[in-house]
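Hi everyone, thanks for coming. Please have the sequence and the 3D view open while I talk.

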Amino acid sequence: MRTAKRYTTQTIKKRVDDDKGRHHTRRALPEPTICEVCGDIYSKRRWTRMNAERRAMRIDQFMITSKVVCPACERQRSGVHSGELHLEGRFFDLHQKEIRRLLENEAQRAAIDNPMARIMKWEVNPPGQLVVTTTTEHLAQRLGHALSKAFHGRTRYGFSHRNKFARVWWSRN
Ligand SMILES: [Zn+2]
């Protein structure tokens, strides 16, 4: 499988650090903090979409003295994803546009709950397979559920690294 190469030592270490376990080393961030890449804001110990947070808390640029790269942008930079969704089949070939739109909408809804849950890449793998990578394992699963709810077909779920990585296959012929 083409994704096997992503299981490097570095990748695994990074995931261990993400764990809440004994390897947890992440320091608390000063608040409010802004992500210098996407502009999301960290406040009250959670990340929020910049616009929503500003409206709710009236945070303005002057209050924000701390800049970081948020976990989602960090994953985009490093290319290390936590979820993968594979799509294929004749139905998929014929309805790619609708299917993509559904996935985009679902990802937008997921971002309301967790702005760090994002689609990273859309990779078209010949012959006729699309691989969507995500910053969180939960988002890949959520996209899989949304597909099967909307279009039926067949969905399979796989997990590894203490459930910190999810791979979802969806197909319909
Ligand atoms: Zn960011």
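Let me begin with a definition: two strands pair if DSSP finds at least two bridges between them. Strands themselves are DSSP runs of E with at least two residues, helices are runs of H or I with at least four residues, and both are numbered from the N terminus. Before we use that, please note that this is a predicted model, where local features need pLDDT of at least 70 and side-chain atom pairs count only at pLDDT 80 or more, while totals for chains, interfaces and linings use all residues. Residues are numbered from 1 along each chain as its sequence is written, and side-chain values use heavy atoms, with hydrogens and water left out.

Now to the sheets. Take the open one whose 4 strands follow the order S3-S2-S1-S4, with mixed pairing. Which strands stand at its edges? They are strand S3 (46-48) and strand S4 (66-68); each has a single partner strand, so one side of each has no neighbour in the sheet. From one strand to the next, the twist averages 30 degrees. For angles like this, axes are lines fitted to C-alpha atoms, for helices over the stretch in contact, and angles run from 0 to 180 degrees between N-to-C directions. Inside this sheet, S1 and S2 run antiparallel and are joined by 2 bridges. If you look for Thr 33, you will find Tyr 42 of S2 opposite.

Next, the zinc ion. Which residues are its protein donors? They are Cys 35, Cys 38, Cys 70 and Cys 73, each through its SG atom, at 2.2 to 2.3 Å from the zinc ion. A donor here is an N, O or S atom within 2.8 Å of the metal (3.2 Å for Na, K and Ca), and since water is not among the atoms, sites may look incomplete. The angles among the 4 donor atoms are 105 to 114 degrees, and the site is tetrahedral. Four donors earn that word if all angles lie between 85 and 135 degrees. Along the sequence, the donor residues are spaced C-x2-C-x31-C-x2-C. Cys 38 sits in the loop between strand S1 (33-35) and strand S2 (41-43), while Cys 73 belongs to helix H3 (residues 71-78), so this pair ties together parts that are 35 residues apart in sequence.

Are these two cysteines buried or exposed? Cys 38 is partly exposed, at a relative accessible area of 29%, whereas Cys 73 is buried, at 5%. Buried means under 20% relative accessible area, exposed means over 50%, and partly exposed is in between (1.4 Å probe, protein chains only).

Let's move on to another sheet. This open sheet has 5 strands in the order S6-S7-S5-S9-S8, again with mixed pairing. Strand S6 (119-125) and strand S8 (154-160) are the edge strands, each pairing on one side only. Here the twist averages 15 degrees from one strand to the next.

S9 is a good strand to follow. Strand S5 (residues 83-88) and strand S9 (residues 165-171) run parallel, with 6 bridges joining them. S8 and S9 run antiparallel, with 7 bridges. Click on Ser 171 in S9: Glu 88 has it as bridge partner, and so does Arg 154. How many of the 7 residues of S9 are buried? The number is 6, so S9 is largely enclosed by the rest of the structure.

In S5, you can also find Gly 83, which is buried at 0% relative accessibility. Its C-alpha atom is 7.8 Å from that of Gln 141, 58 residues apart along the chain.

On to S6 and strand S7 (residues 129-134), which pair in the antiparallel sense over 6 bridges. Ile 119 has Thr 134 in S7 as its bridge partner. The hairpin has 3 residues between these strands, and Gly 128 takes a positive phi near 65 degrees there.

Last, a pair of helices. Helix H5 (residues 96-113) and helix H6 (residues 137-151) pack at an angle of about 130 degrees, with axes 10 Å apart. That makes H5 oblique to H6: under 35 degrees counts as roughly parallel, over 145 as roughly antiparallel, 65 to 115 as roughly perpendicular, and the rest as oblique. On H6 you can spot His 138, partly exposed at 48% relative accessibility.

Thanks for listening!

Note on methods
Four donors count as tetrahedral if all angles lie between 85 and 135 degrees; four count as square planar and six as octahedral if opposite donors are over 155 degrees apart and all others between 65 and 115; anything else is irregular.
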